[in-house]
Structures are given as structure tokens and as C-alpha cells.
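The following exercises are to be worked with the sequence and the predicted model at hand. Each task is followed by a solution in steps.

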Amino acid sequence: DERLESMERTHSLRGPWRRKEVIYVCITEISQADRLIRRGFRIAHRLKAVWHVSFIAASQVKEKPQLTELEKLTQRLGGEFSYQQAAKKSQIHLTMLAKIREAGATQLIVWNQPIVNKLLPHVTQMDVLIVADYDSWQSSRNRVK
């Protein structure tokens with residue numbers, strides 16, 4: 001990409017040749033939020049993309065200090081953070097979809113399996129990265145041994 005950008009400046013390539021990527025990280029739980037934010041940052045950094053983080057909850061979040069820390073982490077890494085509250089738990093995915101479309105996202109990073117199942121039919125025009133839950137995978141792996 002860097003060589004192509006250099007060529008464009010020196011040899012003036014014409015026409016669109018690169019799509020502007022917008023990474024969107026959707027968080028519904030504090031426990032996995034840090035990992036999702038860092039994953040979003042790494043992908044956005046590689047793609048030189050704009051990236052957003054949205055924490056969406058169905059009820060008032062009790063962990064306000066942790067939420068503030070997540071916002072600071074996102075801003076320190078160059079992303080935009082927002083907090084949204086859905087009317088009901090069953091409408092979290094609809095709130096996410098509205099924010100995703102508003103941002104013009106091209107890639108979506110999510111973790112929560114029930115939310116993923118509700119989102120997938122509506123996000124066929126973008127890449128979706130479902131981040132694994134390493135903690136439960138490790139614990140189930142240790143039980144098998």
C-alpha cells in the first residue's frame with residue numbers, strides 16, 4: 001500500500017484503487033472489551049483505517065470506572081469511543097446496526113455469540129471478525145485432559 005501511495009503521488013495514478021476501510025468494534029460486555037479494542041486497533045493500524053468502538057448495553061452499566069478506562073484506551077490508541085443504551089436486551093443488535101451503518105463500517109469485530117447470530121443476516125456487505133473466547137476454550141481444553 002505504501003508503495004502504491006508513493007506511486008500515486010509521483011506518477012499520479014488515476015481513478016479509485018483503494019477502498020477506505022472503517023473498522024467497527026462492538027462490545028456488549030466489560031470482560032472481553034479490552035481484547036476487542038486492542039484487536040480493532042491492530043487491524044485498523046495495518047489497514048490505515050478509521051476505527052470506532054461502541055459499548056452497547058441494555059441496562060445502565062454499573063462498572064462506570066471500567067467504562068471510562070475503556071474509553072481512555074480507545075482514545076489513546078486513536079479510535080473513537082461511544083456508549084449506547086438499547087431499549088431492551090433483545091434490541092442490542094438493532095442499536096449496533098444503526099451505529100455500524102452510521103459509521104459506514106467495512107469491517108466489524110464482535111465477540112458475543114447470540115449477538116453475532118442476530119447481526120449476520122444484516123451485515124452481508126462487510127467482513128465480520130468473531131473473536132474467540134480463549135478463556136472458556138482453555139478451561140474446556142483442560143477438562144478434556
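**Exercise 1. Characterise the salt bridge between Glu102 and Lys99.**

Solution.
- Step 1. Begin with the distance: the side chains of Glu102 and Lys99 come to 3.4 Å, N to O. A salt bridge requires a side-chain nitrogen of Lys or Arg within 4 Å of a carboxyl oxygen of Asp or Glu, and the pair is accordingly listed as one.
- Step 2. Consider the positions in the helix. Glu102 and Lys99 belong to helix α4 (residues 92–103) and are 3 residues apart, so about one helical turn separates them.
- Step 3. Compare the surroundings. The relative accessibility of Glu102 is 63%, so Glu102 is exposed. Lys99 has a relative accessible area of 17% and is therefore buried, the limit for burial being under 20%.
- Step 4. Recall the general principle: side chains of opposite charge can pair when their charged atoms come close.

**Exercise 2. Describe helix α4, its span and its buried residues.**

Solution.
- Step 1. Helix α4 contains 12 residues, and the distance from its first C-alpha to its last is 17 Å. This is close to the 16 Å expected at 1.5 Å a residue.
- Step 2. The buried residues of α4 are Ile92, His93, Thr95, Met96, Leu97, Lys99 and Ile100.
- Step 3. The cover over these buried residues includes strands β1, β2, β3 and β4, together with helix α5.
- Step 4. Just after α4 comes Gly104, which adopts a positive phi of about 70°.

**Exercise 3. Which residues does Leu119 touch, leaving aside those up to four places away in sequence?**

Solution.
- Step 1. Locate the residue: Leu119 is part of helix α5 (residues 113–119).
- Step 2. Assess burial. Leu119 has a relative accessible area of 1% and is therefore buried.
- Step 3. List the contacts. With residues up to four places away in sequence set aside, Leu119 touches His93, Met96, Leu97, Leu108 and Val110. Of the buried residues of α4, His93, Met96 and Leu97 are among them.
- Step 4. Add a separation in sequence and in space: Leu119 and Leu94 stand 25 residues apart in the chain, while their C-alpha atoms are 8.2 Å apart.

**Exercise 4. Find the other salt bridges and state whether their residues are buried or exposed, or partly exposed.**

Solution.
- Step 1. Searching the whole structure gives 3 salt bridges; the pair in Exercise 1 is one of them.
- Step 2. Another joins Arg38 to Asp34, with closest N and O atoms 3.3 Å apart. Both residues lie in helix α2, and their spacing of 4 residues is about one turn of the helix.
- Step 3. Arg38 has a relative accessible area of 35% and so is partly exposed. Asp34, at 36%, is likewise partly exposed.
- Step 4. The third pair is Lys72 with Glu69, where the closest N and O atoms are 3.9 Å apart. These residues are 3 apart in helix α3, that is, about one helical turn.
- Step 5. Lys72 is partly exposed at 48% relative accessibility, and Glu69 is partly exposed with a relative accessible area of 48%.

**Exercise 5. In what order do the strands of the sheet lie, and which helices lie across them?**

Solution.
- Step 1. The open sheet is made of 5 strands in the order β3-β2-β1-β4-β5, with parallel pairing. Its edge strands, each paired on one side only, are β3 (80–85) and β5 (127–130). On average, neighbouring strands are turned by 20° against each other, direction ignored.
- Step 2. Examine one pair: β1 (residues 22–27) and β2 (residues 50–57) run parallel and share 6 bridges. Within this pair, Ile27 has Phe55 as its bridge partner in β2.
- Step 3. Place the helices. Helix α2 (residues 33–47) lies across β1, β2, β4 (107–110) and β5, at about 175° to β1. Helix α3 (residues 64–76) lies across β2 and β3, at about 150° to β3.
- Step 4. Examine a residue of the sheet. Gln107 is in strand β4 and is buried, with a relative accessible area of 16%. Its contacts include Ile23, Tyr24, Ile43, Leu47 and Met126.

Methods. Residues are numbered from 1 along each chain as its sequence is written. This is a predicted model: local features need pLDDT of at least 70, side-chain atom pairs count only at pLDDT 80 or more; totals for chains, interfaces and linings use all residues. Side-chain values use heavy atoms; hydrogens and water are left out. Two strands pair if DSSP finds at least two bridges between them. Helices (H or I, at least four residues) and strands (E, at least two) are DSSP runs, numbered from the N terminus. Axes are lines fitted to C-alpha atoms, for helices over the stretch in contact, and angles run from 0 to 180 degrees between N-to-C directions. Contact means heavy atoms within 4.5 Å. Buried means under 20% relative accessible area, exposed over 50%, partly exposed in between (1.4 Å probe, protein chains only). The expected span of a helix is 1.5 Å times one less than its number of residues.
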